[in-house]
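Got your viewer open and a selection box ready? Let's walk through this one stop by stop.

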Amino acid sequence: LMITKTVDNTTGIPAFAFLQAIKYCVDNGADILNLSSVGYYPSYQLAEDVILYAYKKNVLLVTAVGNKDTSSIAFPALNQYTLAVGATEPDDTRARNFLNEGDKSSCGAGIDIVAPGKHIVVLSIDDDNNYSSLTGGTSYSTAYATGVASLLLSLNPELTPDQLKTV
C-alpha cells in the first residue's frame, strides 16, 4: 500500500501534483492505482502521457467515471488504458442521488465495470470514532474495484493491466 496526498482542504486537487503522484507511484513499484477523482487538467496531453507511461510500466489505473448523470464518462476514466468504474445501488441498478438530488453515476459504453456506490458507511467528519455516516459515488465504487483487482493480482502476479480488465 502506497499513499500519496495531492488534495488539501482549500484548493482541491492541483492537477500537476496529481499527475506527479501517479508517476511517483509508478516509479516506486505500484502495480495498481486507485484514481477516485475526475476533473480538468491544464494539459490533457500531459495527463494522457502519464496514463500511457503507467500502462507501459504494467500498472493498472482504476478510475471513477463521475457522478454527472451523463452518458459520457469523465476524464481520466475515458482513457482506453484505465479501468473505468461506475456505481450501483444495493439492488444493482445505476446509483443515483448520492449527496445531492439528481446526482447519478455517469454511464455509457466506456464503463468497464460497476461496483457498489450507494449507502457506503464511512467515518464521520465530526467524530473520529463514529462510523455511522452514509455516503456514495463512483469514488467509493472505484475503491471496491481496486481491491478486487489487487486480490486478482495477488493470485496471479503475472496478470497485465489488460488481463485484469477482462478477468
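Start with the whole chain in cartoon: from one end of the sequence to the other, the pattern runs α-β-α-β-β-β-β-β-α-α. That gives four helices and six strands. Keep in mind as you click around that this is a predicted model.

Still zoomed out, colour by accessibility. Of the 167 residues in the protein, 37% are buried. Switch on a surface and you are looking at about 9600 Å² exposed, with carbon and sulfur atoms supplying 53% of it. If you like contact maps, take the contacts between residues at least 6 apart in sequence: 63% of them join residues at least 24 apart.

**Stop one: helix α3**

Select residues 138–155. This is α3, with 18 residues, and it reaches 26 Å from its first C-alpha to its last, close to the 26 Å expected at 1.5 Å a residue.

Now show side chains for Thr138, Ser141, Thr142, Ala145, Thr146, Ala149 and Leu153, which are buried. Where do they sit around the axis of α3? They cover an arc of only 140 degrees, so they end up on the same side of the helix. The spacing helps explain the picture: an α-helix has 3.6 residues a turn, so residues three or four places apart point the same way.

What does that buried side pack against? Add β1 (32–35), β2 (60–64), β3 (82–88), β4 (113–116) and α4 (161–166) to your selection, and you have the partners of the buried α3 residues. Then spin the view round: the face of α3 turned away from its buried side carries the exposed residues Leu151, Ser154 and Leu155.

**Stop two: a pair of rings**

Next, pick Tyr55 and Tyr81. The model has one aromatic pair, and this is it: the ring centres are 4.2 Å apart and the planes are at 35 degrees, so the pair counts as tilted. It links distant parts of the chain, since Tyr55 is in helix α2 (residues 44–56) while Tyr81 is in the loop between β2 and β3, 26 residues apart. Buried or partly exposed? Tyr55 is partly exposed at 22% relative accessibility, and Tyr81 is partly exposed too, at 24%.

**Stop three: the cysteines**

Finally, select Cys25 and Cys107. How many disulfides are there? The count is zero. As for their surroundings, Cys25 is buried, with a relative accessible area of 5%, whereas Cys107 is partly exposed at 23%.

Note on methods: Residues numbered from 1 in each chain as written. Predicted model: local features only at pLDDT ≥ 70, side-chain atom pairs only at ≥ 80, totals over all residues. Heavy atoms only, no water. Disulfide = S-S within 2.5 Å. Buried < 20%, exposed > 50% of the residue type's maximum accessible area, 1.4 Å probe, protein only. Helix = DSSP H or I, 4+ residues; strand = E, 2+ residues; numbered from the N terminus. Expected span 1.5 Å × (residues − 1). Arc of directions from axis to C-beta. Contact = heavy atoms within 4.5 Å. Phe/Tyr/Trp six-rings, centres within 6.5 Å; stacked < 30°, edge-to-face > 60°. Areas by Shrake-Rupley, 256 points an atom, 1.4 Å probe, with all protein chains shown as cover.
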